Amino acid sequence: MEPSPIRQVKPKAEGWEQRKDAQGRPLLQFSSPKRGKPPVHLADLTPEERIAKAKELGLPGFRAKQLAKHYFDRWTRDPEKMTDLPKEGRAELVAGMLPNLLTEVRRMQTDGGETIKFLWKLHDGALVESVLMRYPGRITLCVSSQAGCGMNCPFCATGQNGLTRNMSAAEIVDQIVRANEIIAAGELGGKREGDNSAERVSNIVFMGMGEPLANYARVMQAIRVMIDKQQGLGMSARGITVSTVGLAPAIRKLTEEDIPVTFALSLHAPDDTLRDEMIPVNSRWKVDEVLDAARAYFDKTGRRVSIEYALIKNMNDHPWRAELLADRLLERGKGWVHVNPIPLNPTPGSVWDASTIPAQREFVRILNDRGIPTTIRDTRGKEIDGACGQLVVTEEDERAAALPA
Ligand code: SF4
């Protein structure tokens, strides 16, 4: 294959220093720094644990089910509106099981009001974001699973500040409940005439702050609550996309869960040489191992895997890399993947830029010609830094969070 005439830009060549641990390995934070735990919430508990908690609060166990209906079906947290619960003990039940987890610091709207980015403050002052997007026939929420991220990817704004802490299952779920509350209040614009789809979040993407598989148990509990039809949000597992930069053992674990969520692998480079620099976790689990794990996910669930590929100018957008990506995917068979190239959203001060339009088109053409369905992914919310790799807490956010509500 002809070498690309384009000069290759790589993080190291641009002066980016990979942070290393004492053994000289790329610095990755897998465990959450110790901070005060968020208050336990209904959504952290199994239905049995909820019954036990209601009894602990001096009420019969079935009250927990009623409370779950208010929270998951009506998105209500206000005891005044829960008139089917006895007045006596109601406020205590709500305070004990639905403690406030997210305080809205601010929201920014774009796309004519069809996209809203929220900045939330957690109980300990940690800040996270979620992005709500209306599309024809569906409403998608991009949720955060960690405050910050420990995976240290150089092109990603979130990764530059390290991991503050893991979010609890309820903190993840509450982002959806709060979004539903806001949609029900008519605050998400853009509903078109004749669009009769339900006015609630229908799709979830774990593409906000954090690496979801590095917070595995809490993310799985949150997903169980999302899909629980009796005592949860009753969402479809297929509408939930779990993405990862490639924590292979956790992908294998997810495969065994028997919950057919959509699985997305943020690959971003088909060769270990570049991927070692772009995605430091590649130093632990190489491209072959993560692609094998992704293929096994398809074999077990029958769900086509999404390969996410941030197209970065002169870094990973060469035609030969598109060919190499096609080779590596086709080595593992046909019909099991869909590739989503995403033009990078450059963050302020970043040396990396989005690929040019001709380079994007060529990349897509090569993959499609090789029989791999490939479509450029929409980067909604770009103007408000609400697109992938851009959810990061800025100094301005910190200042806003410090102001009294
Ligand atoms: S790209 Fe994803 S995994 Fe990498 S640092 Fe950013 S949020 Fe973390």
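## Ligand shell, annotated sites and domains

Of the 11 residues that surround the ligand, those that come nearest are Cys149, Met151, Cys153, Cys156 and Gly159. Sorted by class, this shell around the ligand is made up of five nonpolar, five polar and one charged residues. The model described here is a predicted one.

A further set of positions comes from a record: an unreviewed UniProt entry places the feature "binding site" at Gly210, Glu211, Ser243, Ser266, Leu267, His268 and Asn345. Two of these positions, Ser243 and Asn345, can be followed in some detail. Ser243 is found in strand S8, which covers residues 240-244, whereas Asn345 has its place in the loop between strand S11 (337-343) and helix H10 (357-369). Ser243 counts as partly exposed because 19 other C-beta atoms lie within 10 Å, where 20 or more would be needed for a residue to be called buried. Asn345, with 21 other C-beta atoms within 10 Å, is buried. Once its neighbours within four places in sequence are left aside, Ser243 is in contact with Phe206, Met207, Pro212, Ala264, Ser266 and Glu308; Ser266 is also one of the positions that the UniProt entry lists under "binding site".

Two helices show how buried residues are arranged around a helix axis, and the table sets out these residues for each helix.

| Helix | Residues | Buried residues |
|---|---|---|
| H3 | 90-97 | Leu93, Val94, Gly96 and Met97 |
| H6 | 248-255 | Ala248, Ala250, Ile251 and Leu254 |

The buried residues of H6 cover an arc of only 160 degrees around the axis, and therefore they lie on the same side of H6. What covers them includes helix H5 (216-227), strand S8, strand S9 (262-266) and helix H8 (287-301), and S8 is also the strand in which Ser243 is found. For H3, the buried residues fall within an arc of 165 degrees when seen down the axis, so they line one face of the helix. These buried residues of H3 pack against helix H1 (47-56) and helix H2 (62-73).

On the scale of the whole chain, the domain assignment gives domain 1, residues 42-97, and domain 2, residues 101-402. The C-alpha centres of domain 1 and domain 2 are 32 Å apart, and the contact between them takes eight residues from domain 1 and 14 residues from domain 2. On the side of domain 1 that touches domain 2, helix H2 gives the most, with four residues. By class, that side of domain 1 has six nonpolar, no polar and two charged residues.

Definitions and conventions
Residues numbered from 1 in each chain as written. Predicted model: local features only at pLDDT ≥ 70, side-chain atom pairs only at ≥ 80, totals over all residues. Near = placed C-beta within 6 Å. Nonpolar A, V, L, I, M, F, W, Y, C, P; charged D, E, K, R; others polar. UniProt positions renumbered as here; feature names shortened; annotations may be inferred. Helix = DSSP H or I, 4+ residues; strand = E, 2+ residues; numbered from the N terminus. Buried ≥ 20, exposed ≤ 12 C-beta atoms within 10 Å, placed from the backbone. Contact = placed C-beta atoms within 7 Å. Arc of directions from axis to C-beta. Domains from an automatic or database assignment.
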